[in-house]
Amino acid sequence: MTTLHTAWDDAEGARRATELFTTSFEAEPHGVWASPGRVNLIGEHVDYNGGFCLPIALPHATYVAAAKRDDGLLRLVTELGDVQRWEGTLDEVGPGAVSDWVAYSAGPLWALRETGAELPGYDLAIVSCVPAGAGLSSSAAVESAVLLAAAELAGLPTEGDARRAELAALGVRAENEVAGARTGGMDQAASLRSKADHGLLLDCEQDSVEQVLLNLQSQGLELLVVNSNAPHMLADGQYASRRADCERATEVLGLRSLREPVDGPRAGLGELLAKLDEDVLVRRVRHVVTESWRVLDFVEALAAERAGEAGELMVASHDSLRDDYEVTVPELDSIVVAAMSAGALGARMTGGGFGGSCVVLVSVDDVHQVAGAIDAAAVEAGFARPDFHLATAADGGRRIN
Ligand code: GAF
């Protein structure tokens, strides 16, 4: 039987973060904060195009044990990989000054200070059970957990959706400007604004959210997250190149953004695409616009408990990401084919693509059969063996103790 990995519970995450803190800094933390990774159910590569997406927060989270200092010093220790340590002043943190895990951990503090906030200095111990490099937003989880800890210890607000949206924007700023990854805002929103048992319907143009009740358990359904363990190839350059394609198409079409056609009549898409003479731009725009429509249809199908239709929309999303947006890899395509052949209701890649994970909608009774078929297909093709996680929609970032 295939192994299904489980996340740490909050007590375990807090215990590990506290232990790393006390052994590293020989003192007790002032508190522990957690913020989750995410799996996007549908709506891929639409966030930077002002579209709609529907992520859920995973039970897998980053935990930060933190204490305030009064000398402007920042001491970071992490177990993300080997135990590593970094020390410097808050003034030393900023674009071009730090890289790698320090950019994701300290970058949010720079972004918070850019708003005029006065920060005291911190000791932070960071641990995580969000699988890294799996397209499940391990970096947004780190940014968000650090932001919650740092803000609260500085006496700044952290609660309420409007404030969470501001904090998410700071996480995006850190990722874009300090870590140098020009990603959109879906991952930080999912980490900070999600609610247990709900999908987060994010309108990326308005930056507004609607909590959509998922009700999967009562329908006998599960979400299986499958980490392909495929190596990430050329991911950053390819992501930037997709964004550039969308920007070029927006300009050629004279649109405010690719959100405009999403709000227009669906029958008008053909006419719009006919205005583009580059085939690659036709395909990019077709993906972006139809993907937002699939999100809206998916929400309707879920609400009406039409799981089969929701599943079909997931497969249509994957096909569009494979053929029009060209961000899948053979490992991800194989997972979707194997899942569907073994009786899943729906399956698609999730996250940025070029490796990473798939999300599969499956009846509770078929979980092991579907996971087994996916694993067998990977072995047969000579791919890395995937990892399997059951996902329930968890709460967004929070203080643990
Ligand atoms: C990555 C990015 F970080 C997100 O902003 C989003 O664009 C996603 O890829 C694709 O939907 O996770």
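Here is a walk through the structure, from the overall fold down to a few individual residues.

Keep in mind as you look around that this is a predicted model. Start with the whole thing: the protein is built from twelve helices and 14 strands. Along the principal axes, its C-alpha atoms fill a box of roughly 60 × 55 × 40 Å. How does the radius of gyration sit with a compact globule of 401 residues? The rule puts such a globule near 21 Å, and the protein has 21 Å, so the two agree.

The contacts tell you how the chain is put together. Take the contacts between residues at least 6 apart in sequence: 74% of them join residues at least 24 apart. As for burial, 52% of the 401 residues count as buried.

That brings us to the inside. In soluble globular proteins, nonpolar side chains tend to be buried together. Here, the largest nonpolar core has 124 residues, and Val64, Ala339, Val360 and Val370 are the ones with the most contacts inside it. The element that gives the most to this core is helix H3, residues 138–153, with eleven residues. If you want a spot to zoom in on, try Val360. Setting aside its neighbours within four places in sequence, Val360 is in contact with Leu224, Val226, Ala339, Ala344, Ala347 and Val370. Two of those partners, Ala339 and Val370, are also on the list of residues with the most contacts in the core.

Next, the domains, which come from an unreviewed UniProt entry. The record places "Galactokinase N-terminal" at residues 19–68. In the model, that span is 14% helix and 52% strand, with its end C-alpha atoms 17 Å apart. The annotation "GHMP kinase N-terminal", from the unreviewed entry, covers residues 111–193. Here the make-up is 55% helix and 8% strand, and the end C-alpha atoms lie 19 Å apart. Finally, the unreviewed entry gives "GHMP kinase C-terminal" for residues 299–376. Those residues are 56% helix and 15% strand, and the C-alpha atoms at the two ends are 32 Å apart.

Now for the ligand. Which residues are around it? They are Glu44, His45, Asp47, Tyr48, Thr183, Gly184, Met186, Asp187, Gly351 and Gly352. By type, this shell divides into two nonpolar, five polar and three charged residues.

Arg182 is a handy stop after the ligand shell. You'll find Arg182 in the loop between helix H4 (161–178) and helix H5 (186–193). Its C-alpha is 9.5 Å from that of Tyr48, although the two are 134 residues apart in sequence. Beyond its neighbours within four places in sequence, Arg182 is in contact with Asn176, Ala240 and Arg243. Arg182 is partly exposed, because it has 15 other C-beta atoms within 10 Å.

Gly121 sits in another loop, the one between helix H2 (100–114) and strand S7 (122–128). With 18 other C-beta atoms within 10 Å, Gly121 counts as partly exposed. Leaving aside neighbours within four places, its contacts are Arg69, Asp70, Asp71, Gly72, Leu73, Leu74 and Leu90. For a sense of span, the C-alpha atoms of Gly121 and Arg242 are 38 Å apart, with the two positions 121 residues apart in sequence terms.

Some backbone angles deserve a look too. Most residues other than glycine have a negative phi. Glu26, though not a glycine, has a positive phi of about 50 degrees. Glu26 is in the loop between helix H1 (10–25) and strand S2 (31–40), and it is exposed, since just 7 other C-beta atoms lie within 10 Å and the cut-off for exposed is 12 or fewer. Glu305 also has a positive phi, near 55 degrees. Its place is the loop between helix H9 (279–303) and helix H10 (307–323). Is Glu305 exposed or partly exposed? It is partly exposed, because 13 other C-beta atoms lie within 10 Å.

Last stop: Pro330, in helix H11, which covers residues 330–341. Pro330 is exposed, having 12 other C-beta atoms within 10 Å. Its C-alpha is separated by 9.0 Å from that of Phe383, 53 residues away along the chain.

Methods
Residues numbered from 1 in each chain as written. Predicted model: local features only at pLDDT ≥ 70, side-chain atom pairs only at ≥ 80, totals over all residues. Helix = DSSP H or I, 4+ residues; strand = E, 2+ residues; numbered from the N terminus. Rg over C-alpha atoms; globule rule 2.2 N^0.38 Å. Buried ≥ 20, exposed ≤ 12 C-beta atoms within 10 Å, placed from the backbone. Contact = placed C-beta atoms within 7 Å. Near = placed C-beta within 6 Å. Nonpolar A, V, L, I, M, F, W, Y, C, P; charged D, E, K, R; others polar. Core = buried A, V, L, I, M, F, W, Y, C linked by C-beta atoms within 7 Å. UniProt positions renumbered as here; feature names shortened; annotations may be inferred.
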